[in-house]
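Thank you for making time for this at group meeting. I would like to walk through one structure slowly, going from the whole chain to a few particular residues.

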Amino acid sequence: TDHTFTFAFCRMVKRAFSGTNIGVQLIVVLALAFASGGFAAAALCAGFIYGYNEEYLILIPVIAVADLFILFIVLRQTARFNTIVKAVEGITEGRNEPDIDSRGSSALAKLAANVNQLKRGVKASYSSQQKSERLKTELITNVSHDLRTPLTSIITYTDLLKQPDLGEEERNDYL
């Protein structure tokens, strides 16, 4: 399971930093979080050297674990955000993207659910538009055919009526 966790963590880090701007912002935020943890650990070490009790040393790994937990949460949310951004880009480019994971009740889960709903609406609208275009083409074809048949007869009889050697009785029959 360690390998799976490591692989999932690395994949999450890659997705989290796929958006350059937000990735740079995250580096700054995480650097500040780890720096604050480092300063706290340094203060605890200095306090230990100058007379604090040994019980305070337990705070150093607690701070390190807390920083790792913060890193994990921030990377997971960033990865989720970047997944949503990539899906929206795909939808705007007309690609049929798979649904985004919308489990949970966070703002990103709600955003993912809304993007999924929009995607389904766009797909239904596109399908409706294609059906409408097909029906329009069929209507034009049918109307064209329905108009062509009587027009052909009218044109033929008109051409016959234009003949100069046509008798009066034949002209009346053609009319």
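**From the whole chain to its salt bridges**

Taken as a whole, the chain has an accessible surface of about 13,100 Å², and 64% of that belongs to carbon and sulfur atoms. Please keep in mind throughout that this is a predicted model. The chain contains five helices and zero strands, and of its 175 residues, 18% count as buried. If we look at contacts between residues at least 6 apart in sequence, 51% of them join residues at least 24 apart.

Let me turn now to helix H4, which covers residues 107–161. How far apart are the end C-alpha atoms of H4? They are 79 Å apart, and because the 55 residues of H4 should span 81 Å at 1.5 Å a residue, the two values agree. The buried residues of this helix are Leu-108, Ala-109, Ala-112, Val-115, Asn-116 and Lys-119. Leu-147, which also has its place in H4, belongs to a nonpolar surface patch of about 570 Å², made together with Leu-139, Val-143, Leu-151, Ile-154 and Ile-155.

That brings me to the charged side chains. As a general point, side chains of opposite charge can pair when their charged atoms come close. The structure holds five salt bridges, and I will go through some of them.

In one of these, Asp-99 pairs with Arg-120, with the closest N and O atoms 3.1 Å apart. Asp-99 lies in the loop between helix H3 (59–92) and H4, whereas Arg-120 is in H4, so the pair ties together parts that are 21 residues apart in sequence. Both partners count as partly exposed, Asp-99 at 46% relative accessibility and Arg-120 at 41%.

Another salt bridge joins the side chains of Glu-133 and Lys-136, at 3.6 Å from N to O. Both residues lie in H4, three residues apart, which is about one turn of the helix. Glu-133 is partly exposed at 38% relative accessibility, and Lys-136 is likewise partly exposed, with a relative accessible area of 43%. Returning to the earlier pair, salt bridges that share partners join Asp-99, Lys-119 and Arg-120 into one network, and Lys-119, as we saw, is among the buried residues of H4.

Finally, the side chains of Arg-95 and Glu-93 meet in a salt bridge at 2.3 Å, N to O. Is Glu-93 buried or exposed? Glu-93 is exposed, with a relative accessible area of 57%, while Arg-95 is partly exposed at 44%.

Key:
Residues are numbered from 1 along each chain as its sequence is written. This is a predicted model: local features need pLDDT of at least 70, side-chain atom pairs count only at pLDDT 80 or more; totals for chains, interfaces and linings use all residues. Side-chain values use heavy atoms; hydrogens and water are left out. Patches are made of residues with over 30% relative accessible area and no salt bridge: like charges are joined within 9 Å, nonpolar side chains (Val, Leu, Ile, Met, Phe, Trp, Tyr) within 5 Å. Accessible areas come from the Shrake-Rupley method with a 1.4 Å probe; for residues, only the protein chains shown count as cover. A salt bridge is a side-chain nitrogen of Lys or Arg within 4 Å of a carboxyl oxygen of Asp or Glu. Helices (H or I, at least four residues) and strands (E, at least two) are DSSP runs, numbered from the N terminus. Buried means under 20% relative accessible area, exposed over 50%, partly exposed in between (1.4 Å probe, protein chains only). Contact means heavy atoms within 4.5 Å. The expected span of a helix is 1.5 Å times one less than its number of residues.
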